[in-house]
Structure formats: C-alpha cells, structure tokens
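Hi,

Here is the structure I said I would pass on. Have a look at it first, and then read my notes below.

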Amino acid sequence: MTQAAALLQNLAAAGFVALGVAIAYRWYRERGRAQAMLALALITLAVVAALGRVGDPQHPLAVLSLVEIVGFLLSGYFVLLFRNEFIPLGSFAFQAANLLLAISIVVGILDVTALAHADPRVATVIVLEIIGAWAIFTGEPIARFWLASRNLPAVQRARMRFLSFGFAVLIAILFISVLGGSALRSPTAIVVTELVVLMVIPAIYVSFAPPALLRRIWRMGEEDELRAAIQDLLIFSPTREVLAERAATWAMRLLGGNAAFITDPDGKFIANAGIDPARAAHLMAEQRKNPLGAPDRVVAVPLPLTDGQGSLGVVAGPFSPVFGTEEITQLRAYASSVSAGLERARVTERMAAIESNKTQFLNLASHELRGPVTVIRGYVSMLEGGLLGHLNDRGRKAAAMMSAKASEMNELIDEMVEAARLEDGGLTLKLVESDLRDIARSATFSVAPLVDSRHQVDLDLPERRVRVKVDPDRTKTIIANLLSNAIKYSPNGGPITCHVRARAGIARVAVSDHGLGIAPQNLHMLFTRFGRVITPETEHLKGTGLGLFLGRQLARLQGGDITVISVPGKGSTFTLHLPSASAAEASANGATSSAHGAAGEERVHTNRRSTD
Ligand code: ADP
C-alpha cells in the first residue's frame, strides 16, 4: 500500500506538471491577459507539486521549502488576479490581499528558518495560516465564478463550474489533510487523496481548454434553444424591426452578454437590447480604436445584407470574452441566420406593400368606375328603349354593342369590388340552403350569350336534389366564371360539360372543356390575384386574372375549394367542391359560428388576407 501511495503521489505530481505544460502551451497559442493569470496560477501549482516530490521529506531543504511555500501562495494569488480581470477587486480588497500575501510569505520564511523545529502545534498553526491564505485567494473567486455561471451559456457555465469545482476540491483536500493529522497520513488515506487529486487535474484542464467533444455535449441542451431562436427569427417575426429586436436578444443570451445591438450597413441602429443607441455607438467607436483595451468589450460579427454589411454586436458580460471564444464562433453562424431572417422580412414587407397598393388600387378604381358605368348603362338602356328618340338600324347596333361592353365593364367592376372586399374583410356571405342543380342551371343560363355555334354546353344534372348551404349568388358567379373560361379558352370550340354530382358528403360541379389546356408549370398561377397564363394562344384573350382567385377564395369561405386537372392542347376540368348541406351543418355545429341572419340564412364575414 505504501508503494501504491508513493506511486500515486508521483502520478499526481506528474499530472500537475503535465497540466502546467499543457496550459502553458495553450496560453502560448491563445494569449490574453486573463488567460495569462489562470495559466500562471496553474503553472505555479504544477511547479509546487513537482518540487514536493523532488525534495527529501526527511531532510527538507530550506530554500526548496521556501520556494514551494511562495509558489503555492502565488498560485492562489494568481487565481485572485484572474478574478480581478473580470470583476475588478476594490482597492481595499486588493490591499488586503497584498498584505495577506506578504504576511504569509513572512510566516513561510519564519517556518523554514527560525521555527523549523518548533512545537508540532505551532507548525500546524503556520501551515493553517498559509493554506488559509491560499484558500481565501482561491475560495472567493471560485464562489463568485460559481454564482456568476448560473446565467451564462452552457459552455461558459460548465467551464467556470469545472474550475470552481477543481479548486474547491483542492482546498478541501489541503484542509482535511492538515487538520486530519496522522490519521490521514496512512497509506490508504494517501491513496484515496491522491486518486481524488488525479480526478481534479483533468477537471481543471477542461475548464481552461475544453475539448470539442465536451463542448458539444455541454451545448446539447442549448441546441433546442438555438433552433427555437432561429425558427422564431425565420418564421414568426412579423416585421424587420421586431425580428431585429428578437435577434439581438437571442444573441445576448447565446453569448452570455449584457446587451446587444444590430446595425444596418450604413451604421444605423435597427435594434438595441439592454443598451441605448448612443452608448452602443460609443462602444463600437472605442472598439474600433482599441479592439483589446476597452473595458466594456464588444463582440461584433458581420451581418451580410443585400445592401452591404451590417453588424451584430454583443456587449460582453464580465465573463463572455475569456470563456466565450466558442460562443463567438456560434454567434457568427447565428448571424447568417439573422441575415437570412432580415432579408426575408425585407422581401415580405416589400411584397406586403405591393399587395396593399394593389388592394388600394382595386378599391379606388372599382369605386371610381362604378358611378360613371352605371350612368352609361342607364343612358344606353334608354337609347335602346327608344326613350331618347328613334334610332336607325346602325344606331340600334351601336347601342346593343355599347350595352354589351358596358355589361362587361360592370362585371369587371364587380370582380374588382369583390376582390377588394375580400382583402379588407368587408365581404359577407349569405348562406342559404339551396339546390346546387338550380345554381348550376342559372349559371349556365347566364353564360348563354357567350356561346356561339362552335361551342356546345351540356348540363349534366343528377335526378336527386343536391343540397348545399351556400351563398347562391356567389356560387353562381363561381360556376359562371368556370363556364365562361371554358368557352373563352377553347377558341376552336368543342363540347363543354357541366357535371353536378354529390358523393360522400361533398357536392361537386365539374366544368370540362376541350380547349387550350394549361402547362403543368403554369398551374400555380391560376388562383393568384391577377394570375394569368399568357401564351401566344391566349395573349389576345381579354381577362383580369381575378375570376379564379375570387372563385377559390369564395369556395374556401364556404368550406369548399376549386381544383384543376389540365392537359395542354387537350383541355381542362375545373371542379368546384362544396360540403353537402348535411356535412356543412355538422361542421357548422362544431364550429363557433357567430353571426346569424334571418331564419335559414347564415352570414359569414371575411377578415383574412388571401395568399394563394
Ligand atoms: P381571366 O380569365 O380573367 O384571365 P381567371 O382568374 O378566370 O382570369 O383565369 C386565370 C387564368 O387561368 C386565365 O388567364 C387563363 O390563363 C387560365 N385559365 C382559366 N380557365 C382556363 C381554361 N378553362 N382553359 C385554359 N386556361 C384557363
């Protein structure tokens, strides 16, 4: 056992030396004031551990013992200086620490000279004084580090805790071995103590330079948070400003900083979290002048945006810079997500502005046009009716043409008004229980004037009623638009059929033609606002691109939809799907249907923006 104890003591000393060498090497590669203090603390500790094994315990050399004592005290003092780099010590505390160091060194000198053969109790008091000083130098910082680590990102937190833990165990071992007296000098006690010391060595090393695998493990818990942050930015942030504010707050959390801000390429602040723009600007200027010297350090990473390079800055908290290189790399990666989010927000805002302009235009144009067109239609009908005098044949033809064109304009205005209402939530549906066959009949009738000799429209109706609860006028408009499109987009004529069927709780009206058809890559445009497929065959055909957009929106508001199957050159089938009245009732009972009109009539209001 004695041999095992000696072996372990040698191993522990060798471990400390290895720790010192490794840390010296790390420090050589990544130099910094604070790291230097911690490196000095650990290297002196390693030297002390090595000297402890070199000297002869039976005949200790005074010089060697003195170097050990002073080295030991200095290793603690450097830990205090390391702490001072983050949280500066007050001048009183500093003076007290210096005094304690001086007294302890004097006590150490007395110990190896005048009191070398003193009473064992005096010797214990001396050792306790020296260890006590070391414990104060190291104990206060590690308690602070432990407390401060609570609000820090995972990697920083773990590093600070490993450091605190390692030193706490060393303090405990030193006190226990001195106070435990001869009982703890037995070989078994030494084996246990040295095993614990051997475990502490890697813990301290890890706090100084954690391997990548460990950092990844520590960070695992934070991955979800980071993912949530990125998702929040990319999906949920409504405007560029809100997104930037959130991005700054997340950046602050990721880096464990005190504040964060985001600037545009022209240096304008678009977000500030925990700091006012003037202060942030001042810190950035300081940082530019003296990147390492400023006490309130700013970690700024570039933010690539389409119009140049902005920046994402985090005002480092007391511990962020030293324990944060890892997070700075993470922050850079995060900055690219922020850039993507900001760019997305910019595009969305631009699109929203364009959309809102379109709605404004629809509103304005339709309302401005409605009045004059009504007047024109009135006069044309008076002309046709002979109320303004007798017309010759040419005059009658002209009046009929004017009447047809005025009706076309009126339909167009109706579509525009409807689209504008849909956009601003002013559209109200009057749901009435109806027979879909009647609605299809009336729609077919309304397009009769468009049918010429080349076309033939067949209405295929089932014998039984097809009950639906819909707005009959709007549903008629939807079907009439499908029919008029079928006629319009089959310029070479051909049969057009309008099938009405109900199956499995769904009523369907399928309008098929043998016309131009639509290429698959253009299908996505059909139901968008103003979406028209312009090809050499269709470019001369008049249209607004509003009909199918409105049709689908109105169908969806009534619990249905419109789908399309089309083969270029062969023809298309557009199908309006609507819930059968029984199915509609069932879903209406489950839903929170608010506004009700007269008996058997239900109103549905819109107040959502339509996107597709
Ligand atoms: P409009 O007919 O006024 O242009 P719609 O919204 O009704 O607007 O239709 C949008 C586009 O869909 C049309 O411009 C046309 O390109 C295409 N389309 C609609 N119906 C048919 C059809 N039956 N056959 C071929 N293309 C069609």
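Which residue follows helix 12, and what is the sign of its phi? The residue is glycine 425, and its phi is positive, near 80°. Before going further, keep in mind that this is a predicted model.

Let me stay with helix 12 for a moment. It runs over residues 393-424, and from the first C-alpha to the last it reaches 46 Å, close to the 46 Å expected for its 32 residues at 1.5 Å a residue. At the N-terminal end, asparagine 392 acts as the cap, with a side-chain oxygen 3.3 Å from the backbone nitrogen of arginine 394. So this helix has a cap from asparagine 392 at one end and glycine 425 after the other. Its buried residues include Ala399, Ala406, Asn410 and Ile413. Further along, Met416, Val417, Glu418, Ala419, Ala420, Leu422 and Glu423 are buried too. An α-helix has 3.6 residues a turn, so residues three or four places apart point the same way.

Now the whole chain. There are 16 helices and 12 strands, and 43% of the 612 residues are buried. If you take the contacts with a separation of 6 or more, 72% of them are between residues 24 or more positions apart. The accessible surface is about 31,400 Å², and carbon and sulfur atoms account for 61% of that.

Then there is the ligand. Which residues come nearest to it? Of the 20 around it, they are Asn485, Tyr489, Arg532, Thr544 and Leu548. As for polar contacts, a ligand nitrogen is 2.9 Å from an N or O atom in the side chain of aspartate 513. On the backbone side, a ligand oxygen lies 3.2 Å from a polar atom of valine 533, and a ligand oxygen lies 2.7 Å from a polar backbone atom of leucine 548. Taken alone the ligand would expose 530 Å², and the protein buries 97% of that.

The shell itself is mixed: 8 nonpolar residues, 9 polar and 3 charged. Helix 14 (472-488), helix 15 (547-557) and strand 11 (571-579) each supply at least two of its residues, and helix 14 gives the most, with 4.

A few single residues are worth a look as well:

- Glutamate 194 sits in helix 7 (residues 187-208). Is it buried or exposed? It counts as buried because its relative accessible area is 14%, and leaving aside residues up to four places away in sequence, glutamate 194 touches Leu8, Gln9 and Ala12.
- Serine 453 is in the loop between helix 13 (436-446) and strand 6 (455-460). This serine is exposed, at 77% relative accessible area. Its C-alpha is 9.7 Å from that of glycine 494, which is 41 residues away along the chain.
- Alanine 504 has a positive phi, near 50°, although this residue is not a glycine. You will find alanine 504 in the loop between strand 8 (494-503) and strand 9 (506-512), exposed at 80% relative accessible area.
- Phenylalanine 530 also has a positive phi without being glycine, near 65°. Its place is in the loop between strand 9 and helix 15, and with 29% relative accessibility it counts as partly exposed.

Cheers

How values were computed
Residues are numbered from 1 along each chain as its sequence is written. This is a predicted model: local features need pLDDT of at least 70, side-chain atom pairs count only at pLDDT 80 or more; totals for chains, interfaces and linings use all residues. Side-chain values use heavy atoms; hydrogens and water are left out. Buried means under 20% relative accessible area, exposed over 50%, partly exposed in between (1.4 Å probe, protein chains only). Contact means heavy atoms within 4.5 Å. Accessible areas come from the Shrake-Rupley method with a 1.4 Å probe; for residues, only the protein chains shown count as cover. The expected span of a helix is 1.5 Å times one less than its number of residues. A polar contact is a pair of N or O atoms within 3.5 Å; within protein, one must be able to donate a hydrogen and the other to accept it, and residues adjacent in sequence count only if both atoms are side-chain atoms. A residue is near a molecule or strand if one of its heavy atoms lies within 4 Å of it. Ala, Val, Leu, Ile, Met, Phe, Trp, Tyr, Cys and Pro count as nonpolar, Asp, Glu, Lys and Arg as charged, and the others, Gly among them, as polar.
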